[in-house]
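Open the model in your viewer and keep the selection tool at hand. The tour goes through the internal cavities, then the aromatic contacts.

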Amino acid sequence: MLPRHVQTLGDLLERVKLVRFSKLRGIHGNFCLWYSTLSTCSEMPKKLNKFERKPLVTSFNELKREAKLKKKERQKVHETILQPPENGMLVKNLIPVAHEVFAARCELLSCVSRLVNYTAIYVCSLCGEVHVGHPPHKIKTCDVRGSPSSKEHSWVKGGVEHVLPLVESFHLYDRIGRAVSHNEMLEVDRIPAIVELCVQAGFDIPEYPTRRRTFPVYCVAGRIIDFEKRFPKEMSLGADIEAHGFWHKKKKFNKDTNSMVMHSDDIQAIAVLGMKDWEKMCTGASKLMEKYDVQTCGYCPEVQVGPKGHRVRNCQAFKHQMRDGQHAWQKATINDLAPPVCVYHIRDQQGNKPLVNELKRYYGMLPAVVELFAQAGAPVGKNYASMMREDVAIPEMDEEKWVV
């Protein structure tokens with residue numbers, strides 16, 4: 001009976017608080033129900049501490065069960081039938097998707113590089129937090145080593161790289177071949193992970209050749225057997241075909257894509273086009289990742305597109321000494337390839353007033369690229385409605401004292 005009485009008393013105090021506030025405003029008491037006391041949006045990815053590992057796509061128990069089954073299969077000397085892309089062949093119905101994702105990424109970079117000239121981008125020089133729009137917010141969330149005791153941010157001008165962070169991966173000439181070793185880290189090119197995913201899914205780039213098999217590989221007793229010759233007869237053995245070392249003829253994708261000229265001066269039209277490209281790139285990349293494996297480190301942002309992670313010992317995250325600098329590989333998600341930089345959402349009615357620390361629990365959040373397009377006039381999709389929290393009324397400072 002005691003817990004029920006405590007709950008009833010708590011509800012009574014909450015009603016008294018609402019009635020008191022409604023009398024102060026002189027309006028109906030239901031007005032206070034528009035206010036929410038949630039501090040953060042549950043839809044946005046959680047910011048992990050240094051000692052926390054990324055959430056696993058597949059649980060440890062499921063991974064152990066799959067490993068035991070694979071071990072039993074390897075003990076049996078028989079052929080295991082592999083399906084594309086595990087057998088080295090391409091998934092034909094995903095080749096157009098790879099072309100669409102690559103084209104959407106190029107157009108997205110062009111739209112963002114155009115809009116950053118009209119919308120201010122700020123980044124904290126201490127903690128790296130990003131804010132889209134002017135003026136920057138005054139929310140005290142800078143809590144890193146070297147930050148002031150007031151936890152206020154030290155804002156400096158940002159750019160495209162802060163709205164769309166570049167996540168790179170080693171380019172693999174043969175995705176079924178061996179992993180990149182530590183001694184080859186300076187010999188193998190690193191390209192954007194989205195681009196590497198498109199290349200492995202069927203998009204051809206002359207500067208980054210990859211092996212396209214005409215016959216599948218076979219798995220016998222857990223070993224991969226490739227009966228296809230290293231180079232088919234119809235392929236010329238030129239000096240430009242190598243398994244690694246393309247860096248001497250490398251072209252920067254960012255320069256090529258950013259040089260695309262957009263003749264339209266309508267900022268809203270560019271924002272609408274960029275929003276469509278963002279959705280198309282994320283949706284298409286998710287479809288590709290259902291068939292083509294992508295690995296990420298559980299403690300650092302390192303990503304490797306392929307069935308297994310590389311062996312380069314450059315992890316400097318939590319307890320990397322115990323792993324001798326090697327990464328703790330696990331299955332990646334779309335947020336690892338295209339990280340959504342979380343920023344506070346600025347509503348139209350707020351004008352040029354900065355966001356204050358006392359009202360931070362009423363503000364919504366959005367990915368930085370979506371917030372950039374939204375401020376330029378692009379409509380935001382329904383899947384971001386709960387993040388924006390447009391249905392939550394933001395009180396004035398004197399009203400907040402009575403709500404609390």
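How many cavities of 30 Å³ or more are there? The count comes to four. Keep in mind throughout that this is a predicted model.

**Stop 1: the largest cavity**

Select Gly88, Arg175, Gln200, Arg211 and Arg212. Of the 14 residues that line the largest cavity, these lie nearest its centre. The volume of the largest cavity is about 110 Å³. What is the character of the lining of the largest cavity? Six of its residues are nonpolar, three are polar and five are charged.

**Stop 2: the second largest cavity**

Keep Arg175 selected, since the lining of the second largest cavity includes Arg175. Now add Leu172, Asp174, Gly177, Arg178, Ala179 and Val180, which also line the second largest cavity. Complete the lining with Gln304, Pro307, Lys308, Gly309 and His310. The space inside the second largest cavity is about 60 Å³. Its lining residues divide into four nonpolar, four polar and four charged.

**Stop 3: a phenylalanine pair**

Clear the selection and turn to the rings. How many aromatic pairs does a search of the whole structure find? The search finds three. Select Phe102 and Phe203 for one of them. Their ring centres are 4.2 Å apart and their planes meet at 25 degrees, so the pair is stacked; the cut-off for stacking is under 30 degrees.

Colour by secondary structure next. Phe102 lies in helix α3 (residues 95-115). Phe203 lies in the loop between α5 (193-200) and β7 (218-220). The pair therefore ties together parts that are 101 residues apart in sequence. Buried or exposed? Phe102 is buried, with a relative accessible area of 13%. Phe203 also counts as buried, at 15% relative accessibility.

**Stop 4: a tyrosine pair**

Select Tyr344 and Tyr363. The ring centres of Tyr344 and Tyr363 are 6.4 Å apart, and their planes stand at 80 degrees, so this pair is edge-to-face. Planes over 60 degrees apart count as edge-to-face. Follow the chain from one ring to the other. Tyr344 sits in strand β12 (residues 342-344), and Tyr363 in the loop between β12 and β13 (365-367). The pair thus ties together parts 19 residues apart in sequence. Tyr344 and Tyr363 are both buried.

**Stop 5: a charge over a ring**

Finish with Arg190 and Phe170. What sits over the ring of Phe170? The charged end of Arg190 does, 4.7 Å from the ring centre.

Note on methods
Residues numbered from 1 in each chain as written. Predicted model: local features only at pLDDT ≥ 70, side-chain atom pairs only at ≥ 80, totals over all residues. Heavy atoms only, no water. 1 Å grid on protein atoms, 1.4 Å probe; cavity = no way out; pocket = protein on both sides within 12 Å on 5 of 7 lines; lining within 4 Å. Points joined across faces, edges and corners; volume = space filled by probe spheres on them. Nonpolar A, V, L, I, M, F, W, Y, C, P; charged D, E, K, R; others polar. Phe/Tyr/Trp six-rings, centres within 6.5 Å; stacked < 30°, edge-to-face > 60°. Helix = DSSP H or I, 4+ residues; strand = E, 2+ residues; numbered from the N terminus. Buried < 20%, exposed > 50% of the residue type's maximum accessible area, 1.4 Å probe, protein only. Lys NZ or Arg CZ within 6 Å of the ring centre and 35° of its normal.
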